[in-house]
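Colleague: I should be grateful for a close look at a single part of this model, set in the context of the whole.

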Amino acid sequence: MRAISRVADVSINTVTKLLVDAGEACAAYHHETVRDVECRKVQCDETWSFCYAKQKNVAHATAAPERAGDVWTWTAIDADHKMILAYEVGDRSGATAIEFMDDLRGRLANHVQLTTDGHKAYLEAVEGAFGGYVDYAQLVKLYGEAGGKSSEQRYSPAECTGIRKRTVEGRPDPAHISTSYVERSNLTMRMGMRRFTRLTNAFSKKIENHLHMLSLFFVHYNFVRVHKSLRMTPAMAAGVADTLHDMEWIVGLIDARMPEPNRPGPRPRMGGRPRKSK
């Protein structure tokens, strides 16, 4: 953001305000547009980041805001069309899972096969949102200890030694019980948003700005960015949009939400009798 302010020769507050306006406009557009989506397979996952400070350092941080610490971004992706259907930002609790699944259910138009990881919070959330109207399965990954030196153990994930597919509800097709696409989208998020890059100082300082960045990213991903394998945007592949949009279109979303400028009216006439000219 500071680099952009220097290149454009504007205040960083101007850049911040523009991103806030863009986030609000994109969040509203996603909420209103991504509705009644027809799809067959949905995959869900949650990815970690943090705001202001990592959770273990919040207690000793100076002037930490109320929602500082670990932040989890829950996402649902259409496995066929690669479209992000719903997202939720919060902790990893059951309450956030319920809000996330309720939002996802309201955006689907038909019966789907749903796959998540083995996180227990999904069980109650899926049951409450879908009832029995879903083919739901969990893909549980089994991990072993990370080998190698201590530094390798610190920065490398544990080795996946196997998986277990578990049917929870309905009759999900075992061949399509997978979380590969949503996990790949997590990598796309980390590569596309500097705030998600690990071991840097580019993390969000305010949770509100974190939400604005996610809203902007997901609208760009769904409606502007051409997916390499689809050769069109995910929104076009899912039938939500029929036009390839660009960044000027996103600017138009921002402008459409701006209030009309106050135009000066006619100047009022002064009271009393007009003065005679000499």
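What area does the protein chain expose, and what share of it do carbon and sulfur atoms supply? Within that chain, which residues of helix α3 are buried, and what covers them?

Modeller: This is a predicted model, in which local features need pLDDT of at least 70 and side-chain atom pairs pLDDT 80 or more, while totals for chains, interfaces and linings use all residues. Residues are numbered from 1 along each chain, and side-chain values use heavy atoms, without hydrogens or water. The protein chain exposes about 17,100 Å² (Shrake-Rupley method, 1.4 Å probe), of which carbon and sulfur atoms supply 51%. Of its 278 residues, 40% are buried (under 20% relative accessible area, 1.4 Å probe, protein chains only).

Helix α3 (a DSSP run of H or I, at least four residues) comprises residues 94-105. Its 12 residues should span 16 Å at 1.5 Å times one less than their number, and the end C-alpha atoms are indeed 16 Å apart. T96, A97, F100, M101 and L104 are its buried residues. They line one face of the helix, because the directions from its axis to their C-beta atoms fall within an arc of 130 degrees. Their cover includes strands β1, β2, β3 and β4 (DSSP runs of E, at least two residues), together with α4.

M101 illustrates this packing: beyond its neighbours within four places in sequence, it is in contact (heavy atoms within 4.5 Å) with C44, L114, T116, Y122, A125, V126, A129 and F130. M101 and L104 are also among the residues with the most contacts inside the largest nonpolar core, which has 40 residues (buried Ala, Val, Leu, Ile, Met, Phe, Trp, Tyr and Cys joined through side-chain atoms within 4.5 Å). The greatest contribution to this core comes from α4, with 6 residues.

Note on methods:
Buried means under 20% relative accessible area, exposed over 50%, partly exposed in between (1.4 Å probe, protein chains only).
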